[in-house]
Every structure is written in structure tokens, then in C-alpha cells.
Amino acid sequence: AAKLFLIPIVVLTLPTIAGAQVYAGGDAPRRGSFEAAGGGMFAPGFDMGSMTAELTRSTPTETFDLFTSDSEVSEFPGAFIRLGYYLSESVSVEGGFRYARPTLSVRLSGDAESAPDVTADETVSHYLFEGSALWHLRNLSFASGSAIPYLSGGAGYLRELHEGNQLVETGQEYHALAGVNFWLGAGKHRFGLKFEGGMSARKKGFDPDDSLRMQPIVFGGVSYLF
């Protein structure tokens with residue numbers, strides 16, 4: 001969870017780093033620019049709660065507890081790639097892809113026949129195809145204009161494979177993020193650093209809960225402007 005606090009620290013140190021950079025205001029991203037980005041992501045795990053398996057007795061109102069299962073999901077370290085297009089200096093749209101391999105753990109306990117408690121782990125392949133709209137806060141740029149904060153929001157299609165990639169679960173994801181692009185050097189074609197964090201809300205997938213499940217999430221990577 002400590003990784004969630006890296007973004008504020010990095011953002012606060014950017015002005016110092018930028019002192020050595022050369023910036024030409026006219027070369028800032030503008031209408032018609034493309035931005036390709038990629039890097040790493042991290043989201044904490046979550047508890048999916050408990051379920052009790054019941055056996056109905058002779059009458060529907062009488063039940064017998066067979067066992068209880070408790071499920072949780074590990075942290076989500078992963079990777080992302082994106083491609084964006086600037087509609088104007090302040091607005092852009094982008095599409096992207098995320099990949100992670102969290103671990104799903106299920107603990108069985110309270111067996112009616114007094115069997116010992118057991119925990120089963122499996123690795124889940126997590127794929128997310130996303131689209132977002134970004135608002136670049138040019139009036140809040142700093143580090144001589146090299147660092148441009150932005151706000152981002154969008155949604156995604158969730159696809160998760162488990163049980164040896166034989167079972168496929170699908171769902172939806174929604175996100176709201178704040179970040180900063182720190183462009184290095186000058187010129188129309190150049191590299192930059194990207195840092196962002198915010199909230200991701202997922203629904204379904206391997207999660208049996210029908211409600212939205214909120215997760216903090218952070219990203220860090222490199223960008224290329226062309």
C-alpha cells in the first residue's frame with residue numbers, strides 16, 4: 001500500500017529535476033499530436049467476503065451448513081500501454097490496455113465432517129481494454145512549462161481468465177485519475193515521464209459481487225510525443 005504514496009513524492013520533486021531541462025513552449029502537445037505511453041501500474045488487493053454452502057433438509061426452512069468459504073484477491077502489479085490523440089492543446093482522447101496477474105485465494109473452513117481447513121490459490125489473468133478523455137491543465141503547468149498536470153476519466157471492458165485459463169469472466173471498469181506529464185527536452189518528437197493516480201471501480205469479472213468495487217490505483221511510465 002505504501003506504493004500509493006509515491007505519486008505525490010515524485011510530483012513534488014519534478015520542479016527540481018526540470019531545472020536542467022530545455023523547454024520550448026511552441027513545442028508543447030497541440031492539436032494533431034499523438035502520444036504513446038507505457039509502464040507499470042499497481043492496485044491493492046481486496047476481500048471478497050464469505051459464503052456458506054448449505055444443504056436443505058426435509059423441509060425448505062431447515063438447512064445444514066456444509067462449509068464456509070472466504071475469498072480474497074492479492075495486489076495487482078501489472079503493466080499498461082496507451083495511445084492518445086490531441087483534439088486541442090487542452091483535450092485529448094486515448095485508448096489503452098492493462099495486464100495484471102493477481103492471486104485469488106479461497107479458504108474453506110467449518111467443514112461439516114470436521115475436515116481440516118484448506119486454502120486454494122490460483123493466478124488470474126486480468127485484461128482490461130480502456131478508453132479515456134483527458135483535460136490538460138495548461139494554466140497549471142510548472143517547471144518552466146515542461147510539466148503539465150491533467151485529469152482523466154473513462155471506462156473499460158474487463159476480461160479475466162482463471163482455473164487454468166479455462167474459465168472466462170467479463171465485467172466493466174470505470175476510472176477517474178489525476179496525473180502529470182513531464183516532457184524532457186524540446187522538439188515536436190520527444191520523450192516524457194508520466195505519473196498518475198486515482199480511483200478505479202470494477203464490476204463483475206471473477207468478483208461475484210454485483211455492486212461497484214472501488215480500488216485506488218497508480219501508474220508510472222514513459223511517454224513519446226509525435
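Helices, of at least four residues, and strands, of at least two, are DSSP runs numbered from the N terminus. The exercises below concern a predicted model.

**Exercise 1. Overall architecture**

Task: State how many helices and strands the protein has, and in what pattern they follow one another along the sequence.

Solution. Step 1: the count of elements gives one helix and 12 strands. Step 2: reading along the sequence yields the pattern α-β-β-β-β-β-β-β-β-β-β-β-β. Step 3: for the contacts between residues at least 6 apart in sequence, 66% join residues at least 24 apart. Step 4: of the 226 residues, 37% are buried. Step 5: the exposed surface comes to about 11600 Å², of which carbon and sulfur atoms supply 60%.

**Exercise 2. The nonpolar cores**

Task: Determine which residues have the most contacts inside the largest nonpolar core, and which elements give two or more residues to this core.

Solution. Step 1: the largest nonpolar core contains 14 residues, and those with the most contacts inside it are Phe 46, Met 48, Val 73, Phe 76, Phe 206, Ile 217 and Phe 219. Step 2: two or more residues of this core come from strand S2 (46-56) and likewise from strand S12 (213-225). Step 3: a second, separate core has five residues, including Ala 143, Ala 147, Phe 182 and Phe 195. Step 4: beyond four places in sequence, the residues that Phe 76 touches include Phe 46, Phe 206, His 126, Arg 202 and Gln 215.

**Exercise 3. The largest cavity**

Task: Identify which residues line the largest cavity and which strands each supply at least two of them.

Solution. Step 1: there are two cavities of 30 Å³ or more in the structure, and about 100 Å³ of space lies in the largest. Step 2: its lining consists of Met 41, Ala 43, Phe 76, Arg 98, His 126, Leu 128, Leu 158, Glu 173, Ser 200, Arg 202, Gln 215 and Ile 217. Step 3: S8, strand S11 (190-204) and S12 each supply at least two lining residues. Step 4: Phe 76 and Ile 217 belong to this lining and are also among the residues with the most contacts inside the largest core.

**Exercise 4. Leu 158**

Task: Decide whether Leu 158 is buried or exposed, and locate Leu 158 among the strands.

Solution. Step 1: Leu 158 is part of strand S9 (residues 147-162). Step 2: the cut-off for buried is under 20% relative accessible area. Step 3: Leu 158 has 1% relative accessibility and therefore counts as buried. Step 4: beyond four places in sequence, its contacts include His 126, Leu 128 and Arg 202, three residues that also line the largest cavity. Step 5: Leu 158 and Glu 130 are 28 residues apart in sequence, with their C-alpha atoms 8.6 Å apart in space.

**Exercise 5. His 136 and Asn 181**

Task: Find which side chain makes a polar contact with that of His 136, and which with that of Asn 181.

Solution. Step 1: His 136 is placed in strand S8 (residues 125-136), whereas Asn 181 is found in strand S10 (residues 167-183). Step 2: His 136 is buried, because its relative accessible area is 4%; Asn 181, at 1%, also counts as buried. Step 3: the side chain of His 136 makes a polar contact with the side chain of Ser 92 at 2.8 Å. Step 4: the side chain of Asn 181 makes one with the side chain of Glu 35 at 3.4 Å. Step 5: His 136 touches Asn 181, and among its other contacts are Tyr 86, Ile 148 and Tyr 150. Step 6: Asn 181 is likewise in contact with Tyr 86, Ile 148 and Tyr 150.

Notes
Residues numbered from 1 in each chain as written. Predicted model: local features only at pLDDT ≥ 70, side-chain atom pairs only at ≥ 80, totals over all residues. Heavy atoms only, no water. Core = buried A, V, L, I, M, F, W, Y, C linked by side-chain atoms within 4.5 Å. Buried < 20%, exposed > 50% of the residue type's maximum accessible area, 1.4 Å probe, protein only. Contact = heavy atoms within 4.5 Å. Polar contact = N/O pair within 3.5 Å; in protein donor to acceptor, adjacent residues only side chain to side chain. Areas by Shrake-Rupley, 256 points an atom, 1.4 Å probe, with all protein chains shown as cover. 1 Å grid on protein atoms, 1.4 Å probe; cavity = no way out; pocket = protein on both sides within 12 Å on 5 of 7 lines; lining within 4 Å. Points joined across faces, edges and corners; volume = space filled by probe spheres on them.
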